[in-house]
Amino acid sequence: MEASPRDPLAALKQYFGFDAFRPFQAEIVQDVLAGRDVLALLPTGGGKSLCYQLPAVLADGLTVVVSPLIALMKDQVDALLTAGIAATFLNSSLDPSEAGRRQRALHAGEYKLLYVSPERLFSPGFLDQLERWRIARFAIDEAHCISDWGHDFRPEYRQLAGLRNRFDDVPIVALTATATERVRRDIREQLKLREPAKYVASFNRPNLTYRVSAKAKAYEQVVKLIRSRPEESGIIYCLARKTTETLSAKLRADGIAAAPYHAGMEPEDRARNQEAFLRDEVRVICATIAFGMGINKPNVRFVIHHDLPKSLEGYYQETGRAGRDGLPGECVLLFSPGDRVKQSRFIDEKTDEREREIARAQLEQVLHYAESGACRRGQLLAHFGETLDSTNCGGCDNCLNPREQFDGTVAAQKFLSCVYRIRQKSGFGVGIQHVVEVLCGAATEKIRRFGHETLSTYGIGKEHARQEWSAIGRELVRLGLLEQNAAAFNAVELTSAGAEVLRSRQPVRLTRPMKSSAIKKRMAGDFEFDEELFARLRALRKRLADERGVPSYIIFSDVSLREMARRYPEDHEAFSTITGVGSMKLREFGEPFIAEIRSFVREHGAKTFGQRE
């Protein structure tokens with residue numbers, strides 16, 4: 001490895017090929033180099049890894065990175081080695097002789113970064129070895145896994161609380177992409193961070209579009225979207241394991257390279273499908289939420305939720321796997337009110353009552369998001385305590401194609417009145433679905449037990465189907481006319497505003513259900529380029545990657561290839577100014593790419609593009 005510069009900006013260009021830092025990266029790097037504890041919350045694609053990788057090459061000692069997934073470790077190490085940075089991992093995928101070789105190299109101080117899982121970190125004798133390896137810092141990746149309030153809690157992460165006791169003077173850097181304030185507090189307390197420098201970047205991903213489509217012939221909808229994006233990679237999230245298998249099989253039968261991924265598969269099959277997706281041999285992965293955390297594939301161009309996600313936090317994390325490279329990505333949720341029933345069945349199977357309550361509250365938040373006519377981006381940001389600057393984000397279905405509103409005064413009066421009558425008769429509130437059943441005149445055991453068939457509102461709502469009434473009830477919650485009590489099984493109660501609307505018969509405007517629609521708009525990060533040259537450069541990249549046994553994006557990202565296909569660099573000096581071209585990659589890959597570009601220009605000439613935004 002060549003001598004590294006001590007200037008962070010020079011090292012950024014030399015190793016990573018970037019001319020400037022992303023938001024908060026420079027400040028975090030300085031705090032890490034100063035030996036401070038750091039808690040960094042940067043969105044997916046925001047460059048979290050660089051915040052500890054760059055200090056590792058700028059300073060002496062070993063950076064130990066705690067990572068939850070074996071595949072992620074290999075991916076990160078391959079990328080670092082390609083950039084000329086000495087890195088390694090230790091995990092169960094290595095045979096004893098290779099693991100021994102790497103440990104001897106660690107003893108000799110030959111590596112700057114070591115990736116391990118929490119299980120390996122706390123295996124017998126491993127901490128004793130670490131004490132002899134001159135540890136500069138610990139970096140805890142996916143730090144939200146330590147909190148049982150997080151969407152991806154992993155009990156093995158709890159062991160990390162013991163690091164501070166054993167390595168009192170070693171600073172800790174905790175990084176995550178998704179964490180509410182409660183989860184952040186849990187991370188600080190569990191890891192015993194000492195007066196950490198705290199960085200919370202905006203959760204806004206301006207290069208992503210968000211769309212909710214009414215689910216109707218879901219398979220045809222999925223195929224249409226995939227075929228509208230030829231050669232592009234995507235993830236389809238499904239609720240059930242069986243769905244991932246049947247959906248991927250149908251896609252393959254229709255000529256689309258697809259594979260399933262779920263926790264019930266044999267580990268070797270799961271790993272093989274993931275590797276094929278990372279290497280662009282499989283274009284679409286059909287997966288449960290078991291797939292994705294830390295998957296460093298930057299060129300995922302679309303994420304489809306075939307079924308309702310379990311929480312808004314999880315939905316944000318899953319959609320965030322699109323467009324990690326900053327280029328546009330599309331996020332589509334196929335929604336049917338009937339999906340609520342499927343999710344409810346899963347929730348009812350939980351044995352812990354507190355878990356059920358939390359899950360029900362999270363499901364209601366997802367339903368509100370799916371049915372709302374408000375800005376999708378604004379709703380996601382609000383969930384994390386952030387306010388969108390504009391009332392129109394310009395990148396979601398509700399902002400680009402606002403849904404029609406209608407006079408819903410009569411429906412609102414009926415629903416609010418029914419909530420009031422139930423409370424008046426029984427002395428307690430009930431959930432939205434029970435209110436709906438009363439309005440529709442259902443003959444359930446619960447209605448008979450409470451005597452709700454005698455209410456004046458019983459059966460007065462037969463002009464609407466149950467699903468329509470459910471949507472109306474949830475919109476009344478969004479409008480602040482009803483409130484749900486998560487601690488009482490999400491029972492609905494009239495708010496003071498709802499009571500006033502009921503008393504004075506104020507007009508209420510409701511929103512029509514969403515339809516299936518596409519978004520055609522140039523998003524942030526998009527720019528024009530020569531698509532024919534891009535295709536040739538992509539084929540060259542795949543060939544070089546296959547020769548080295550790594551995913552294509554380890555060689556160059558799509559951003560780098562698109563820039564080449566826009567600027568046509570035909571010599572080393574011009575090629576070195578392309579985003580992502582560091583000194584190691586210039587030496588290793590400059591010549592074949594420059595030769596391909598020269599050949600293309602001789603054959604086809606170079607196009608002129610408008611000014612890039």
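Me: Is I304 buried or exposed in this predicted model?
Reply: This is a predicted model, and I304 is found in strand β12. Buried means under 20% relative accessible area. The relative accessible area of I304 is 2%, so I304 counts as buried.

Me: Leaving aside neighbours within four places in sequence, which residues is I304 in contact with?
Reply: I304 is a residue of β12, and its neighbours within four places in sequence are left aside here. The contacts that remain are V222, L225, I235, I236, Y237, V332 and L334.

Me: What distance separates the C-alpha atoms of I304 and E318?
Reply: Along the chain, I304 and E318 are 14 residues apart. Between their C-alpha atoms the separation is 9.4 Å.

Me: What is the order of strands in the open sheet of six strands?
Reply: Strands of a sheet pair through backbone hydrogen bonds, either parallel or antiparallel. In this open sheet the pairing is parallel. Its six strands come in the order β8-β13-β12-β9-β11-β10.

Me: Which strands stand at the edges of that sheet?
Reply: The order of the open sheet is β8-β13-β12-β9-β11-β10. An edge strand here has a single partner strand, so one side of it is left without a neighbour in the sheet. The strands at the edges are β8 (208-214) and β10 (258-261).

Me: By how many degrees are neighbouring strands of this sheet turned against each other on average?
Reply: The sheet in question is the open one of six strands with parallel pairing. With direction ignored, the average turn between its neighbouring strands is 20°.

Me: Which residue is the bridge partner of G234 in β12?
Reply: G234 belongs to β9, and is buried on one side of that strand together with I236. Strands β9 and β12 (residues 300-305) are parallel and share five bridges. The partner of G234 in β12 is F302.

Me: Which residue of β13 does F302 stand opposite?
Reply: F302 is also the bridge partner of G234. Strand β12 is joined to β13 (residues 329-335) by four bridges, and the two run parallel. The residue of β13 opposite F302 is E330.

Me: Which residue is the bridge partner of I235 in β11?
Reply: β9 runs parallel to β11 (residues 284-287), and four bridges join the two strands. In β11, I235 has as its partner I285.

Me: How many of the five residues of β9 are buried?
Reply: On one side of β9, S233, I235 and Y237 are buried. On the other side, G234 and I236 are buried, so that both faces are covered. The strand (residues 233-237) is therefore largely enclosed by the rest of the structure, and the number of buried residues is five.

Me: At what angle does helix α12 run to β10?
Reply: Helix α11 (residues 241-253) lies across β9, β10 and β11, at about 175° to β10. Helix α12 (residues 267-278) packs on the sheet and touches β9, β10, β11 and β12. The direction of α12 makes an angle with that of β10 of about 135°.

Me: Within what arc do the buried residues of α2 fall?
Reply: In helix α2 (residues 25-33), the buried residues are Q25, I28, V29, D31 and V32. Seen down the axis, they line one face of the helix because they fall within an arc of 165°.

Me: Which elements do the buried residues of α2 pack against?
Reply: The residues concerned are Q25, I28, V29, D31 and V32, which are buried. They pack against β1 (38-41), α3 (50-58), β5 (135-140), β6 (172-176) and β7 (197-200).

Me: How are α23 and α27 directed relative to each other?
Reply: The axes of α23 (residues 531-548) and α27 (residues 583-604) come within 11 Å and cross at roughly 150°. The crossing is right-handed. Angles over 145 degrees count as roughly antiparallel, so the relation between α23 and α27 is roughly antiparallel.

Me: How is α15 directed relative to α21?
Reply: Helix α15 (residues 353-371) packs with α21 (residues 466-478) at an angle of about 95°, and their axes are 10 Å apart. The contact includes E364 and L367 of α15 and A471 and R474 of α21. Angles of 65 to 115 degrees count as roughly perpendicular, so α15 and α21 are roughly perpendicular.

Key. Residues are numbered from 1 along each chain as its sequence is written. This is a predicted model: local features need pLDDT of at least 70, side-chain atom pairs count only at pLDDT 80 or more; totals for chains, interfaces and linings use all residues. Side-chain values use heavy atoms; hydrogens and water are left out. Buried means under 20% relative accessible area, exposed over 50%, partly exposed in between (1.4 Å probe, protein chains only). The arc is that of the directions from the helix axis to the C-beta atoms. Contact means heavy atoms within 4.5 Å. Two strands pair if DSSP finds at least two bridges between them. Axes are lines fitted to C-alpha atoms, for helices over the stretch in contact, and angles run from 0 to 180 degrees between N-to-C directions. Angles under 35 degrees count as roughly parallel, over 145 as roughly antiparallel, 65 to 115 as roughly perpendicular and the rest as oblique. A crossing is left-handed if the near helix is turned anticlockwise from the far one by less than a right angle, and right-handed if clockwise.
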